[in-house]
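Me: I should like to understand how the terms used for a protein structure follow from computed values. May I put some questions about the structure below?

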Amino acid sequence: MSIPKETKQYLLAEKPTGSVNLTSAFKLVTTPLPELKDNQVLIRTKYLSNDPAQRGWISPQRAPDRLYVPPVEVGEVMRARNICTVVKSTSANFKEGQTVVATSGWTEYAVVDAKECTPLQTVGSLKETHFLGALGATGLTAMYGLDVVETSAKDQVLVVSGAAGATGSMVVQIAKKLLGVKTVIGMAGTDEKCAWVRSLGADICLNYKAKDFKKQLRDATPGPHYVDVYFDNVGGAILDLMLSRMGKHGRVACCGAVSNYDAGDKAEPIRAWGEVISQRIQLKGFIIFDALPRFGEYTQKLIKGYKDGKLSISDENETIVKAKFEDIPKTWLTLFEGANTGKLVTEI
């Protein structure tokens, strides 16, 4: 394999305040690659993870000390988690041709410290890309979020928004098939996605774009019991609505707010805050990095669930888009249009 001397990269050119303008937000450059030092590897990007959190990393509206990771600053390579191939290594832990996972960003090649790379696991005939999704950060997020609100078989009704997405689809399966929750209700944006969510184990899946969606939700979550656990991936109007469907002492796992990431000053407000007080609702925000000591445990539970036939992990769990390097930002942006089912992965 020839050793490249330079690489294409996408740099952040400006921090978008509303909808991302691809012509001004990112800048494509070609830059020289540094020589390898001791315990470093030169890696080539094969697959890029596309995640809603990336939008928050480039927002100008959040003070850096309010973020759980440092923001991506103007002039820096856009951050992303990737599956890569080792092209050259000065580390005893990695050899040429090995596949690794690294946060190397929107770059064709990168020179990184060996400690920043993780050897990619293999599980049977599963595609390696599932370690960016169902068996990667999104699967771990689903596991941890359900733990944060102490979900168990004693819970009778659990609702999850974004149920056809990377994290939501794993929440459905884990809640129903590993934890034994009696009734799991998903929300998705098309009838086709809802059918897939039901195939994963959801008892009900509601199309939130349907004209009678609110009535369907009321009918699916009747009082006086209402909802025990709500796993929130979207925030905004759906969260506001769900607060009015929570039972007493209900718990909300606050995972994401994708509906408002591009909204800027037009972000949907929460009007039903009185419900939090009257129903004694607990809202618990969480960040997956808090669960770092449990990553090994969670990964093994997910792998065991798959091997035992309880968790469905297949091509349907991910949307892989083959793209030219120049199309990386455009592919990422489709994440916010609901174009994907399961994990959205870019293949270079």
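Reply: Please begin with H249, which belongs to strand 12, residues 246-254. The model is a predicted one.

Me: Why is H249 called partly exposed?

Reply: The relative accessibility of H249 is 49%. Exposed requires over 50% and buried requires under 20%, so H249, at 49%, counts as partly exposed.

Me: What is the sign of phi in H249, a residue other than glycine?

Reply: Phi of H249 is positive, with a value near 65°. Y226, which is not a glycine either, has a positive phi of about 60°.

Me: Where does Y226 lie, and why is Y226 called partly exposed?

Reply: Y226 lies in the loop between helix 6 and strand 11. Its relative accessibility is 28%; buried means under 20% and exposed means over 50%, so Y226 falls in between and is partly exposed.

Me: Which peptide bond is cis, with omega near 10°?

Reply: That bond runs from G223 to P224. P224 is placed in the loop between helix 6 and strand 11.

Me: What makes D232 a buried residue?

Reply: D232 has a relative accessibility of 3%. The limit for buried is under 20%, and therefore D232 counts as buried. D232 is placed in strand 11, residues 227-232.

Me: How do you know that the side chain of D232 makes a polar contact with G235?

Reply: The side chain of D232 reaches the backbone nitrogen of G235 at 3.0 Å. A polar contact requires N or O atoms within 3.5 Å, and 3.0 Å satisfies that limit. Leaving aside residues up to four places away in sequence, D232 also touches several others, including S161, L239, C254 and C255.

Me: Why is C254 not part of a disulfide?

Reply: The closest cysteine sulfur to that of C254 is in C255, at 9.2 Å. A disulfide needs two cysteine sulfur atoms within 2.5 Å, so the sulfur of C255 is too far away for a bond. At 23% relative accessibility, C254 is partly exposed.

Me: How many disulfides are counted by this rule?

Reply: The count is zero. For C194, the nearest cysteine sulfur is that of C205, 3.1 Å away, and C194 is in no disulfide. The limit is 2.5 Å, so a separation of 3.1 Å does not qualify.

Me: Is C194 buried or exposed?

Reply: C194 is buried, because its relative accessible area is 2% and buried means under 20%.

Me: Why is T331 called buried?

Reply: T331 has 8% relative accessibility, and the limit is under 20%; T331 therefore counts as buried. T331 is placed in helix 10, residues 328-333. A polar atom of the T331 side chain lies 3.0 Å from the backbone oxygen of D327. Not counting residues up to four places away in sequence, T331 touches V321, A323, L344 and T346.

Me: At what angle do helix 6 and helix 7 pack, and what is the handedness of their crossing?

Reply: Helix 6, residues 213-220, and helix 7, residues 236-243, pack at about 35°, with axes 11 Å apart. The crossing of helix 6 and helix 7 is right-handed.

Me: Which residues of helix 6 and helix 7 meet?

Reply: F213, K214 and L217 in helix 6 meet I238, L241 and M242 in helix 7. The residues of this contact divide into five nonpolar, no polar and one charged.

Conventions: Residues numbered from 1 in each chain as written. Predicted model: local features only at pLDDT ≥ 70, side-chain atom pairs only at ≥ 80, totals over all residues. Heavy atoms only, no water. Buried < 20%, exposed > 50% of the residue type's maximum accessible area, 1.4 Å probe, protein only. Helix = DSSP H or I, 4+ residues; strand = E, 2+ residues; numbered from the N terminus. Polar contact = N/O pair within 3.5 Å; in protein donor to acceptor, adjacent residues only side chain to side chain. Contact = heavy atoms within 4.5 Å. Axes fitted to C-alpha atoms, helices over the stretch in contact; angles between N-to-C directions. Left-handed = near helix turned anticlockwise from the far one by under 90°. Nonpolar A, V, L, I, M, F, W, Y, C, P; charged D, E, K, R; others polar.
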